[in-house]
Amino acid sequence: MNPSFSSYLVNEPFGDPGLYVEIRWARRALLFDLGDNTPLSPTRLLRAGDLFISHQHMDHFIGFDRVLRIALGRGKTLRLFGPPGLIANVTGKLRGYTWNLVDGYPLTMEVREFHPQETRFALFRASEGFQPEESPPQACSHQPPTVPFPVLKDPMFTVQAVSLNHRIPCFGYALQEQFHVNVNKERLHAAGLPVGSWLKEVKQHLWEERPDGFRFTATLYFEHRREEREFMLGEIRDRFVTITRGQKLAYVVDVRYDEENEAKIVELARGADVFYCESPYLERDSEKARERYHLTARQAGILARKADVRQLVVFHFSPRYTGLGNEIVREAMEAFAGS
Ligand SMILES: [Zn+2]
Ligand SMILES: [Zn+2]
């Protein structure tokens with residue numbers, strides 16, 4: 001099975017936090033947090049149109065400028081999602097520059113800020129000198145507060161968030177593929193059908209939950225010719241497709257270990273294929289971790305174990321442990337294994 005998401009940390013574990021998730025075949029990516037992102041090439045950065053911010057502490061937001069600079073001259077819409085204060089912080093960032101010559105630029109930024117009872121939305125357009133255009137807040141209920149709430153729904157996947165206590169609200173995120181579509185290439189081959197971009201359309205139709213009787217015309221590329229052919233979705237699915245459980249990734253940073261945060265994180269990350277969790281401190285400095293509203297490696301391992309995830313990846317190590325990265329990983333993995 002070929003997983004749909006390929007994910008990796010933007011920096012090494014002592015660097016700024018950030019998770020890059022590529023949606024294969026779709027030329028599309030999601031980026032969690034905007035710390036220093038220089039290791040991402042402009043091409044990769046441009047692919048990430050959806051940006052999820054945990055909170056706007058500097059190590060999670062300083063990379064906003066690089067994204068802005070690379071996207072500026074392109075016909076692009078960037079969508080930012082995050083906790084209360086995001087709109088004000090984006091406004092502040094944009095006010096730090098002069099914008100008198102960008103009115104022909106097609107960049108647009110949509111910023112969504114999630115409060116317990118409402119969602120706020122602001123639009124920033126280069127053509128308007130990035131003056132914020134705010135819409136009236138939309139009422140919504142994220143009750144009960146322990147339950148993750150959706151911040152982005154796409155036919156293929158959902159991104160959910162929980163608001164965690166970092167002395168300010170800090171969002172943890174989970175990305176869940178609705179279901180996984182496996183195409184059986186041998187069976188396609190046996191039926192004389194080529195692989196190609198038409199299969200991407202098939203997947204899209206399935207994720208959009210079109211009925212079995214849905215008919216579509218696909219362009220098939222054979223070795224020396226191309227052909228338009230009509231198919232029925234249900235037939236293609238029954239003959240060539242296996243539907244399996246979708247992939248799940250979770251991302252949690254900058255959070256204190258307490259009962260409420262634990263309940264929310266366990267709920268958010270439950271059953272994740274990969275759980276990316278911060279581990280700034282070793283357990284021997286748990287007092288310091290608590291004071292600074294951060295986790296220890298052992299706590300990250302316990303959370304991963306309780307959430308029954310398949311794989312734990314720890315990162316966001318404090319520079320005080322330079323040279324001791326392996327010790328942090330060992331402590332987290334031991335707690336994850338339950339030893
Ligand atoms: Zn941080
Ligand atoms: Zn922080």
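Donors are N, O and S atoms within 2.8 Å of the metal, and water is not among the atoms, so sites may look incomplete. Keep that in mind for this predicted model, which holds two zinc ions that lie 3.8 Å apart.

**The zinc sites**

Start with the zinc ion (ligand 2). Its protein donors are His-55 (NE2), His-57 (ND1), His-166 (NE2) and Asp-254 (OD). They lie 2.1 to 2.3 Å from the ion. The four donor atoms subtend angles of 90 to 167 degrees, so the arrangement is irregular. For four donors to count as tetrahedral, all angles must lie between 85 and 135 degrees.

The zinc ion (ligand 1) takes Asp-59 (OD), His-60 (NE2), Asp-254 (OD), listed twice, and His-316 (NE2). Here the distances run from 2.1 to 2.8 Å.

| Ion | Donor distances | Donor spacing along the chain |
|---|---|---|
| zinc ion (ligand 2) | 2.1 to 2.3 Å | H-x1-H-x108-H-x87-D |
| zinc ion (ligand 1) | 2.1 to 2.8 Å | D-H-x193-D-x61-H |

Which residue bridges the zinc ion (ligand 1) and the zinc ion (ligand 2)? Asp-254 does. This residue sits in the loop between β16 and α7, while His-316 sits in the loop between β18 (311-315) and α10 (325-337). The pair therefore ties together parts that are 62 residues apart in sequence. Both Asp-254 and His-316 are buried.

The zinc ion (ligand 2) also joins distant stretches. Its donors follow the spacing H-x1-H-x108-H-x87-D. Among them, His-55 lies in the loop between β4 (48-52) and α2 (64-71), and Asp-254 lies 199 residues away in the loop between β16 (248-252) and α7 (259-269). Are these two donors buried or exposed? His-55 has a relative accessible area of 1%, so it is buried. Asp-254, at 2%, counts as buried because the cut-off is under 20%.

**Two domains and the core between them**

The domain assignment gives domain 1 (5-178 + 246-337) and domain 2 (180-244). Their C-alpha centres lie 35 Å apart. Six residues of domain 1 are in contact with eight residues of domain 2.

The largest nonpolar core has 47 residues. Those touching the most other members are Phe-32, Phe-52, Val-151, Phe-157, Val-159, Leu-175 and Trp-198. Helix α5 (residues 198-207) supplies the largest share, five residues. Where does this core lie relative to domain 1 and domain 2? Both domains give residues to it, so it lies between them.

Phe-157 shows how one member is placed. Leaving aside neighbours within four places in sequence, its contacts include Phe-5, Ile-23, Leu-30, Leu-152 and Leu-175. Polar and charged partners appear on the list too, including Arg-28, Gln-176 and Glu-177.

A second, separate core has 33 residues. Leu-46, Ala-48, Val-67 and Phe-124 are among them.

**Helix α3**

Helix α3 (residues 86-95) has a buried set made up of Leu-86, Ile-87, Val-90, Thr-91 and Leu-94. Seen down the axis, these residues fall within an arc of 135 degrees, so they line one face of the helix. The face turned away from that buried side carries the exposed residues Ala-88 and Arg-95.

What covers the buried residues of α3? The cover includes helix α2. Strands β5 (77-82), β6 (108-114), β7 (118-125) and β8 (133-139) also take part.

Definitions and conventions:
Residues are numbered from 1 along each chain as its sequence is written. Chains are lettered from A and ligands numbered from 1 in the order in which they are written. This is a predicted model: local features need pLDDT of at least 70, side-chain atom pairs count only at pLDDT 80 or more; totals for chains, interfaces and linings use all residues. Side-chain values use heavy atoms; hydrogens and water are left out. Donors are N, O and S atoms within 2.8 Å of the metal (3.2 Å for Na, K and Ca); water is not among the atoms, so sites may look incomplete. Four donors count as tetrahedral if all angles lie between 85 and 135 degrees; four count as square planar and six as octahedral if opposite donors are over 155 degrees apart and all others between 65 and 115; anything else is irregular. Helices (H or I, at least four residues) and strands (E, at least two) are DSSP runs, numbered from the N terminus. Buried means under 20% relative accessible area, exposed over 50%, partly exposed in between (1.4 Å probe, protein chains only). The arc is that of the directions from the helix axis to the C-beta atoms. Contact means heavy atoms within 4.5 Å. A nonpolar core is a set of buried Ala, Val, Leu, Ile, Met, Phe, Trp, Tyr and Cys residues joined through side-chain atoms within 4.5 Å. Domain bounds come from an automatic or database domain assignment.
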